[in-house]
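I'm opening a fresh page for this one. The plan is to go element by element and jot down what I look up.

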Number of protein chains: 2
Amino acid sequence: MSGYGKYFPRSEKMYVEGSRPDIRVPFRKIKLHGENEDLRVYDVSGPYTDPAYEPDLKQGLPAIRADWIAGRGDVEEHASGVDILSNSDKAFQGLRRRPLRAKPGQSVTQMTYAQQGVVTPEMEFVAIREWVEPEFVRAEVAAGRAVIPLNINHPEAEPMVIGRKFRTKINANIGNSALGSSIEEEVDKMQWATLWGADTVMDLSTGADIHDTREWIVRNSPTPIGTVPLYQALKKIGDNADGLCWELYRDTLIEQAEQGIDYFTIHAGVLKKDIPAAKERKLGIVSRGGSIMAKWMVDNGQENFLYTHFREICEIMRAYDITFSLGDGMRPGCIADANDEAQLSELKTLGELTKIAWEYGCQVMIEGPGHVPLDKIKINMDKQLEDCFEAPFYTLGPLVTDCAAGYDHITSAIGGAVIGWYGTSMLCYVTPKEHLGLPNRDDVKEGVIVHKIAAHAADLAKGIPGAMDRDEAMRKARGEFRWVDQFNLTFDPLRAKEYRLASLPPEERDKTDQHYCSMCGEQYCSMRISAEIRKS
Amino acid sequence: MSGYGKYFPRSEKMYVEGSRPDIRVPFRKIKLHGENEDLRVYDVSGPYTDPAYEPDLKQGLPAIRADWIAGRGDVEEHASGVDILSNSDKAFQGLRRRPLRAKPGQSVTQMTYAQQGVVTPEMEFVAIREWVEPEFVRAEVAAGRAVIPLNINHPEAEPMVIGRKFRTKINANIGNSALGSSIEEEVDKMQWATLWGADTVMDLSTGADIHDTREWIVRNSPTPIGTVPLYQALKKIGDNADGLCWELYRDTLIEQAEQGIDYFTIHAGVLKKDIPAAKERKLGIVSRGGSIMAKWMVDNGQENFLYTHFREICEIMRAYDITFSLGDGMRPGCIADANDEAQLSELKTLGELTKIAWEYGCQVMIEGPGHVPLDKIKINMDKQLEDCFEAPFYTLGPLVTDCAAGYDHITSAIGGAVIGWYGTSMLCYVTPKEHLGLPNRDDVKEGVIVHKIAAHAADLAKGIPGAMDRDEAMRKARGEFRWVDQFNLTFDPLRAKEYRLASLPPEERDKTDQHYCSMCGEQYCSMRISAEIRKS
């Protein structure tokens, strides 16, 4: 594929240069017809859509941030603590850098820099991306209201910001399970998800070749990558939770830190004291990580080791600038459990942990539900802002009903649009396969697009800079019967075009200048009649 | 097809009898496994899903309300004012009743009966359907907060109520345009839409054989049918709006009244005084009917004849008990025009007209937008309740962004769920083809299901009686790994099943008792672990 290929006709990659030539912020330019200015939209597809770039998955993407990281003089190479130079035939074959970490005692997080008053190249990059001033980005990151998830060992990633005063982001989950899919498939899913607009990608693999799969994904990903390190820790001990312990978990954090994972979901808020409430609830604990930790506490009679070792985790996180995504192990898994005691008690704990992480200069987001009916979403959002001191909220949906399996991308888009408007910063996508099975390529695309639409609806309602431009461009194209521009301004131009052509008679299909659509036909076209009224 | 056929496995038609044996209220019973009580859900699919019924489209459905209507002694047969006994080979072949209308000076509307303190069989029927007391239905209809759209010439329809204290309803639009589709296709679309759950169907035909198409649809429809009579009026004069006049329109109203149309969209609120504001807006008038009437006013320099003849229209409506659906000719067609002067000025006019219609005992709903961003939906809803004295609101979406053509069923589901929660009584569906072309069968199904989900999400948030039962049943089935029950509790059992099977290895596909799904695999299944914790 060269450029955006067939998926985004008349779209072109463009870059806006910052205060130094190596700050090159990508956008997608949608070329419109007539006298209309081209529309510039946020773009997360990475160099793959730049026709001047020749992709080589075996080598990985260029390390655009390497000089910025090195230039700060606060990191050092070190021998890897784990054997990442696997000789497996599945090992990543490209450039093998020695992992970086902070010099002893240093915090190398964007939050620390921001609090020191420094506008980093990363901050300038995201400011250009978001149409705001760099100082605004710095202030939001310094206050903990926004995060820039960028591990110093993932120099390939293009900086992005997650915070409620910025464009609402979406995450796509990929990853194999014991039941299937290969490394190639997962790398392809990552590329595919970012082509359609996933702002971050989580690799939730629990199957074979976890380390190698992740390495291939990180080296080739233009977006931040998140993981749930608990899954790999458990895998290392043959999926038998009896063997779980802090040391095993810590080593897994460091292994993934050295690979360049940008944010970790850590279920440190699931506490012994909340287990009785969780046992009372209608559907128990539906978070994988949450249920594993709860089971471990029950079996071992001890407090969650992620909680008791939380300060040691902070030391690791700040040495690589890995962002916390504090997991909501107690998220409600059904409408009946929404905003219950288990959930809200954990939320308070996550707030306490946020304060501790901030002491270390660590960036923090808070994960949220789950299944929540429309009338309980605002309460949840408001409590999160209060209890977690405005740290960005990152929700899975919420799904506004339990009984729509097969269409849960839609129940999630409904809840996601609403909670995004109320203040959530990133929506985790849900695909049509939710509750039923692993998504395939089509499901990933559908999940991404539907949540991009939800996020965009939230941005319009919040008045995020630039959001309205796209709707204005579409409105004008619609009023002027510029059909090709209408297709290209949607989130899925080929589908829009295909739908229109399907309802035109064959002899009309090659024309693109009809002043009506087949919903009403020409005589009844309100757009055509409106134009006549305007002339009157 | 016998019963619900392959579409709803383990579903059975059942009836609840009212105070007299001819009040038989249909439900769909979903049979669950184990000790679990069967779930009874609202059902609009009509006799077609009753295995004891032998459908004959050429004869039409049984006239279940004929005795109730005749029993009130306030109607009389009369010679048709129009030649409905067409000799066309497309004419409806079944029973040709002589049309009924009220005896001179009488109002035969459900509102009039309700205001007289009478609980009609129709009211009792809908009370059983909605799990409420008949007196509650009567009081809501008497106050104008709810409507029961039932033309005395559509005795085949199963009574249903539209009001914000009842289950949120959805409407599916069908109808041919100049560009295609036949009578058979439209009748099939009507049946298909009600199978999936459309509570009412609007026939928006503007193409050939309007009268005959409508007759076939009405005679075979178990749900109320709505139309926009203006379309046919215009068709009669060769689509040339110059010839539009009150007499032509009036005759069309009577023709459709005699056929049994249950509600009419009437664009009586588009006034001369609002045209300057409409010319100022970004996308003009996007309502077909609104634009036609505005053009007529501009061309003729006269006030809207639907407004100047409104009291005569009321006389017709109450003689057949046709419900007003006061059209929003000024609905916003883009985000930028939402809640603008043209829209809100018309809304006030619709409120004035509501008061007049109520003087005559006519039932009234108010149509609403359109394109509205999330932050402006509540304002619109609140103004509607205030300006229109709580008459039911019936909205098209609203779509929460302009730029998602190809996915506008989803932008509409987002806005529809939210406005339904705030107080809208019926959502008009939007299909994936919106803005692009006429929906086909798959689009109709997708549009109906997605809006049923939105309506159900609104009902959960509003606490509508019975709504939570389905989510509770699903929650329990999920916790107990009853996969088949989970499929059957969704809005589209076959899709749910197909999605699950697609991600299972072939050797697992015949089993239905796996205690995990392929999203996480067995070891990582939170449901399984949760069950273990609960036992601890």
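Across which strands of chain A does H5(A) lie, and at about what angle does H5(A) run to E8(A)? I looked: H5(A) lies across E8 and E9 of chain A, and the angle to E8(A) is about 160 degrees. Note to self before going on: this is a predicted model.

**Entry: the barrel in chain A**

I traced the sheet next. In chain A, E8-E9-E10-E11-E12-E13-E14-E15 make a closed barrel of 8 strands, with parallel pairing. On average, neighbouring strands of this sheet are turned by 25 degrees against each other, direction ignored.

I then picked E8(A), residues 169–174, for a closer look. On one side E8(A) pairs with E9(A), parallel, over 4 bridges, and I found Ile174(A) bridged to Asp203(A) there. E8(A) also pairs with E15(A), residues 426–428, in the parallel sense over 3 bridges. In that pairing Ile170(A) has Leu427(A) as its bridge partner.

Buried or exposed, what are the residues of E8(A)? I got 6 of 6 buried, so the strand is largely enclosed by the rest of the structure. In a regular strand, side chains alternate between the two faces of the sheet. My split for E8(A) puts Lys169(A), Asn171(A) and Asn173(A) on one side, and Ile170(A), Ala172(A) and Ile174(A) on the other. Both sets are buried.

Further round, E11(A) (residues 263–266) and E12(A) (residues 323–326) run parallel and are joined by 4 bridges. Phe264(A) sits opposite Phe324(A) in that pair. I also noted that H8(A), residues 246–259, lies across E10 and E11 of chain A, at about 160 degrees to E11(A).

**Entry: H5 against H6 in chain A**

Back to H5(A), this time for its helix neighbour. The axes of H5(A) (residues 183–196) and H6(A) (residues 210–219) come within 9 Å and cross at roughly 30 degrees. The crossing is right-handed.

Which residues meet there? From H5(A) I listed Ile183(A), Glu186(A), Val187(A) and Met190(A); from H6(A), Asp212(A), Thr213(A), Trp216(A) and Ile217(A). The tally for this contact is 5 nonpolar, 1 polar and 2 charged.

**Entry: two aspartates**

Asp199(A) is in the loop between H5 and E9 of chain A. Its relative accessibility is 2%, and the cut-off for buried is under 20%, so I put Asp199(A) down as buried. What does Asp199(A) touch, leaving aside neighbours within four places in sequence? My list has Tyr42(A), Val44(A), Met160(A), Arg167(A), Thr168(A), Lys169(A), Ile170(A), Thr223(A) and Pro224(A).

Then I checked Asp89(B), in the loop between E4 and E5 of chain B. Its relative accessible area is 72%, and exposed means over 50%, so Asp89(B) counts as exposed. I also took a distance: from Asp89(B) to Ile292(B) is 203 residues in sequence and 32 Å in space, C-alpha to C-alpha.

**Entry: H8 and E11 in chain B**

H8(B) covers residues 246–259, which is 14 residues. Its end C-alpha atoms are 20 Å apart, and that agrees with the 20 Å it should span at 1.5 Å a residue. I counted 10 of its 14 residues as buried, so to speak mostly covered. Among the buried ones are Trp246(B), Leu248(B), Tyr249(B) and Leu253(B), and Glu255(B) and Glu258(B) are on the list too.

What do the buried residues of H8(B) pack against? I found H6, E10, H7, E11, H11 and H12 of chain B. Just after H8(B), Gly260(B) has a positive phi of about 115 degrees.

E11(B), residues 263–266, is covered on both faces. Tyr263(B) and Thr265(B) are buried on one side, Phe264(B) and Ile266(B) on the other. E10(B) pairs with E11(B) in the parallel sense over 2 bridges, with Gly226(B) opposite Tyr263(B). E12(B) is joined to E11(B) by 4 bridges, also parallel, and there Thr323(B) is the bridge partner of Tyr263(B).

**Entry: H15 in chain B**

Last lookup of the day. H15(B), residues 408–422, reaches 21 Å from first C-alpha to last, close to the 21 Å expected for its 15 residues. I found 15 of 15 buried, so H15(B) is largely enclosed by the rest of the structure. Gly423(B) follows H15(B) with a positive phi, near 140 degrees.

Conventions
Residues numbered from 1 in each chain as written. Chains lettered and ligands numbered in written order. Predicted model: local features only at pLDDT ≥ 70, side-chain atom pairs only at ≥ 80, totals over all residues. Heavy atoms only, no water. Axes fitted to C-alpha atoms, helices over the stretch in contact; angles between N-to-C directions. Left-handed = near helix turned anticlockwise from the far one by under 90°. Contact = heavy atoms within 4.5 Å. Nonpolar A, V, L, I, M, F, W, Y, C, P; charged D, E, K, R; others polar. Buried < 20%, exposed > 50% of the residue type's maximum accessible area, 1.4 Å probe, protein only. Pairing = 2+ DSSP bridges. Expected span 1.5 Å × (residues − 1).
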